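Colleague: Could you take me through one part of this model in some detail? I would like to start from a strand pairing and work outwards from there.

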Amino acid sequence: MEKPSVWDILRSGKAVGADTPGHDVYNRALEECIEKRRRYNTLPLTSEERRAALSDLFGYEVDERTKVVPPIHCDLGFNIKLGKNVLINYNCILLDTGEISIGDNTLIGPGTMIVTANHPFEAEKRRDWSVSCLPIKIEEDVWVGAGAVILPGVTIGARSIIGAGSVVTKDVAPDTVVAGNPARVLRTQ
């Protein structure tokens, strides 16, 4: 039987460490992303060149109405799936060790962190920088306020609003407004 790839291990929710077979592939992907991010974030580009650079970073043709205001920071790039007419504002961090899916017409405020990666609780297991991940799904027509933090494994339902500075630790139902740390329901729409 064929050994699972580093990507298969991560998608299964298990940890990958320095001694995991294929870890060099993971490290190479991180390095490639750094160069693609640098181009997108720092070079003077026309809007067409910027969309091409973003498409290169994410690995697919990004919708022409989608806008990602630089700088943006991500681990791999290719695990970020954006719908149509998405706005991601300045200084967002998308740690896409796991898949991040953002639906159509969604607004992501500046300074937001969307974090799929996690590390082991046991100190000894963190010494080799082991990482695991859980995907994050943000459905369509969501508004995420500035400085929000969305943690691994969370799904945010359609048409929901995440208050600025909130820390989202669990799923948010559709048509719900949440805020706080941890985020809690303020009202349903």
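Which residue in S11 is the bridge partner of Ile102?

Modeller: Happy to help! A word on the basis: this is a predicted model, in which local features need pLDDT of at least 70 and side-chain atom pairs count only at pLDDT 80 or more, while totals for chains, interfaces and linings use all residues. Residues are numbered from 1 along each chain as its sequence is written, and side-chain values use heavy atoms, with hydrogens and water left out.

The bridge partner of Ile102 in S11 is Ile138. Strand names follow DSSP runs numbered from the N terminus (strands are E, at least two residues; helices are H or I, at least four). S6 and strand S11 (residues 136-138) run parallel and are joined by three bridges; two strands count as paired if DSSP finds at least two bridges between them. Both belong to an open sheet of four strands with parallel pairing, ordered S3-S6-S11-S14. Strand S3 (80-82) and strand S14 (155-156) each have a single partner strand, so one side of each edge strand has no neighbour in the sheet.

Now to Thr106, which sits in the loop between strand S6 (100-102) and strand S7 (107-108). Thr106 counts as buried because its relative accessibility is 0% (buried is under 20% relative accessible area, exposed over 50%, partly exposed in between, with a 1.4 Å probe and protein chains only). The Thr106 side chain reaches the backbone oxygen of Gly103 at 3.0 Å. Beyond residues up to four places away in sequence, Thr106 touches Asn85, Val86, Leu87, Ile138, Glu139, Glu140, Asp141 and Val142, where contact means heavy atoms within 4.5 Å. Ile138 therefore appears here too, among the residues that Thr106 touches.

For the charged pairs, the whole structure holds seven salt bridges, each a side-chain nitrogen of Lys or Arg within 4 Å of a carboxyl oxygen of Asp or Glu. One of them joins Arg159 and Asp175, at 2.7 Å from N to O. This pair links distant parts of the chain, 16 residues apart: Arg159 is in the loop between S14 and strand S15 (161-162), and Asp175 is in the loop between strand S16 (167-168) and strand S17 (176-179). Arg159 is partly exposed, at 39% relative accessible area, and Asp175 is partly exposed at 24%. Another salt bridge joins Arg38 and Glu35, with the closest N and O atoms 2.6 Å apart. Those two residues lie three residues apart in helix H2 (residues 23-42), about one turn of the helix.

Technical notes:
Polar contact = N/O pair within 3.5 Å; in protein donor to acceptor, adjacent residues only side chain to side chain.
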